[in-house]
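Here's an informal walk through one protein model, meant to be read with the viewer open. Pull up the structure and follow along.

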Amino acid sequence: MSISKKRLAELAALPDEAIDTADIAEADEAFFRAAKLRPAKAPAGVPSVAVTYARTGQSTRANALGMRPMQERAYERRGEQYLLIKSPPASGKSRALMFIALDKLHNQDIRQAIIVVPEKSIGASFHDEPLTKYGFWADWTVVPKWNLCDAPGADNGGKVNSVGAFLESADKVLVCTHATFRFAVDKFGVEAFDGRLIAVDEFHHVSANPDNKLGQHLGEFIARDKVHIVAMTGSYFRGDAEAVLSPTDEAKFEPVTYTYYEQLNGYEYLKELDIGYYFYSGAYADDIIKVLDPDEKTIVHIPSVNARESTKDKIKEVEHIIESLGEWQGTDPKTGFQLVKTPAGRVLRIADLVDDDAARRDRVSAALKDSAQKNNRDHVDIIIALGMAKEGFDWVWCEHALTVGYRSSLTEIIQIIGRATRDAPGKTRARFTNLIAEPDASPENVNEAVNDTLKAIAASLLMEQVLAPRFEFKPKNSAIGAVEGFSYGEGGYDPAKCNVGFNEGTGQFQIEIKGLVTPKSEEAQRICQQDLNEVIAAFVQDKPAIERGLFDPEVVPAELTQLRLGKIIKDRYPELDEGDQEAVRQHAIAALNLTQMAKKVALGGADGPGEAGPNTAFIDGVRKYAMDVRELDIDLIDSINPFGEAYAILAKTMSEESLKQVQAAISAKRVSMTADEARDLAKRALKFKQERGRLPSITAADAWEKRMAEGVAFLARMKAEAARG
């Protein structure tokens, strides 16, 4: 029997322990959860990304060997000497490695396996596992003395000697930190590891920079070619600061990719993921309660003491957050958690990982890792951290990752978001919020705030691509027709139109675009198939592009989509010829702009986000946009400002005064045209002439044609001035 919405709202206002949901009708569940998870008292700003998923249960379903889909996909490549597993947090990379390592040890003449993790806490992921219990042919066992992450002492010294002793032993598996491994290679040399498997967890810590010792050692191992390497990461961005591997070394790795879409769409419980930014003025500790909902299981990452958002007193910041949540009741003597009674009467259990007292902090940290409490949702409610509780931190109940201040690394942001994307019973929604300071009146602070704002928007745009299904673009060719496994919507495949197909099983779009250039070389094909997010990451982080795209009302979109993105691709892939560079550019801008258009449709148009749609909202958005336009061609895609939808959301989240300050700061730096831009415009003008039989006109009504003509004129003036001396 259905109960009244008024009663459901009353239930939603109660603390969890006071609610018996057994009698809530299934038909009322959506309303109840909406009231529970979105209380009116917590204005959370406008989410810039709101993705819903189908909850098929597929990604958590095991096969006869006890392998989930990602693990099965990786295991199929177990014979590769160099394997790179790119898969989201919580997809089971640790266990996938166990399956692969056991096969290499038993069937591929590998003498020993050395598992290398970035920090000691992650070593717990490789404790013994009874894999035969779930259908595999061997168990995973590590002799306790060889899990050096559990051993006392520093990474150097005795632990390095233990690595040497292991290499001389008959035992099969060793687990240690990146640091211990680096010291061991320095001491024993790369040749001491011949015939062994080296598995590097959280591979994004590696860098091709000569100063990165782990990256240097891996380069030496690859050059010697006498070890097997399995690299694993949930956030592999070569464009994030520095390259992880050199292109020649990376080409030797066989990639196994499992997308965020496949992972989240295949969950059993988690249905919705929101990602957004929220601007505040003054001290963040005064405003944080507006986005920190005590009814959500939350990890709060406060800013570094060197960050603009920090008050420079991290202890007082934590105290202020705790005081904002309610009345302090003391400390739990067993766990060290802070006990705080909310105005609603609920007692929150808060884990403070910022505490400078090492003994107290270690007790709290140990309580969070207590395996006996892993399935206890009520063990802890809020975790406050600074440098901890990021990668490898496993708290399945986390519903909200709240980060104060911008993080300079896209990798770090993805890792933090990953803390909230675990699947757990009753957890239907998760979100990530980036709390950012609005600019104040001083010019230097305005510039810093502008930079932080641009970075937050760039991260948001990139996450939209990471979370979306995969795109495969094809030029319109009626001879190819429908492809098996793809659904083309109502009416099916239409040979007279540009079709949008979607494969639910693989989470992949197949989209026909008129005028699309196809990549010819193997490298260009690989980039278009696997690396479009790398290209998009470079583009959305390009300051001139994002500044003009957001804050220049006179910008011609093609200046960004053709000139700016074209230059980025030429600089990034100089080995490709012009045709392949153009193919990569077109594929990248198609992926970015179709995601933006789909988001606009799914969120209810230009007026901003409405109610979250069904799990097909994004898919329907892509298809609706493609069907609504007269013809989906590359010129149309190039005419879309990639940052237009981001600005619409920004205008709703930032105060009007601050927005004007940001626009003024950007406008003050604007340069009308550079010589390089003029040359690129002249090249585009030449292509225009080849297609239309005339040069672009300086008086054209079309803004892009006029801009190309201005480029030609600018170049002519430069040549005339040079001739005059």
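What follows goes through the cores, a sheet, a helix, two loop residues and the cysteines.

Keep in mind that this is a predicted model.

**Cores**

Let's start on the inside. The largest nonpolar core has 109 residues. Phe 473, Ile 511 and Leu 632 are the ones with the most contacts inside that core. Its top contributor is helix H14 (residues 443–467), which supplies 12 residues. There is also a second, separate core, with 64 residues, and Leu 84, Phe 126, Leu 148 and Val 227 are among them.

Now zoom in on Phe 473. Setting aside neighbours within four places in sequence, Phe 473 is in contact with Ile 511, Ile 513, Leu 516 and Leu 532. The list goes on with His 587, Ala 590, Ala 591 and Leu 594.

**A three-stranded sheet**

Which order do the strands take in the open sheet of 3 strands? The order is S16-S18-S17, and the pairing is mixed. Strands S16 (470–475) and S17 (500–503) stand at the edges; each has a single partner strand, so one side of each lacks a neighbour in the sheet. Ignoring direction, neighbouring strands here are turned by 20° against each other on average.

S16 pairs with strand S18 (residues 508–513) in the parallel sense, over 6 bridges. If you want a specific pair to click on, try Lys 474, whose bridge partner in S18 is Glu 512.

**Helix H17**

Helix H17 (residues 543–551) is mostly covered, with 7 of its 9 residues buried. The buried residues are Ala 545, Ile 546, Glu 547, Arg 548, Gly 549, Leu 550 and Phe 551. So charged names such as Glu 547 and Arg 548 are on that buried list too, under the cut-off of 20% relative accessible area.

**Two buried loop residues**

Asp 194 is found in the loop between helix H6 (178–188) and strand S5 (197–200). Buried or exposed, which is Asp 194? Asp 194 counts as buried because its relative accessible area is 18%, and the cut-off for buried is under 20%. Not counting residues up to four places away in sequence, Asp 194 touches Arg 111, Arg 224, Lys 226 and Val 227. With one of these, Arg 224, there is a side-chain to side-chain polar contact at 2.7 Å. Asp 194 and Gln 112 are 82 residues apart in sequence, while their C-alpha atoms are 9.6 Å apart in space.

Thr 421 is in the loop between helix H13 (410–418) and strand S15 (429–437). Thr 421 is buried, at a relative accessible area of 0%. A polar atom of the Thr 421 side chain lies 3.3 Å from the backbone oxygen of Gly 418. Apart from neighbours within four places in sequence, Thr 421 is in contact with Tyr 267, Leu 270, Leu 273 and Lys 427.

**Cysteines**

How many disulfides are there? The count comes to 0. Take Cys 176: the closest cysteine sulfur is in Cys 149, 6.8 Å away, which is too far for a bond, because a disulfide needs the two sulfur atoms within 2.5 Å. Cys 176 is buried, at 0% relative accessibility, and Cys 398 is buried as well, with a relative accessible area of 0%.

Here are the accessibility values side by side.

| Residue | Relative accessible area |
|---|---|
| Cys 176 | 0% |
| Asp 194 | 18% |
| Cys 398 | 0% |
| Thr 421 | 0% |

Technical notes
Residues are numbered from 1 along each chain as its sequence is written. This is a predicted model: local features need pLDDT of at least 70, side-chain atom pairs count only at pLDDT 80 or more; totals for chains, interfaces and linings use all residues. Side-chain values use heavy atoms; hydrogens and water are left out. Buried means under 20% relative accessible area, exposed over 50%, partly exposed in between (1.4 Å probe, protein chains only). Two strands pair if DSSP finds at least two bridges between them. Helices (H or I, at least four residues) and strands (E, at least two) are DSSP runs, numbered from the N terminus. Axes are lines fitted to C-alpha atoms, for helices over the stretch in contact, and angles run from 0 to 180 degrees between N-to-C directions. Contact means heavy atoms within 4.5 Å. A polar contact is a pair of N or O atoms within 3.5 Å; within protein, one must be able to donate a hydrogen and the other to accept it, and residues adjacent in sequence count only if both atoms are side-chain atoms. A nonpolar core is a set of buried Ala, Val, Leu, Ile, Met, Phe, Trp, Tyr and Cys residues joined through side-chain atoms within 4.5 Å.
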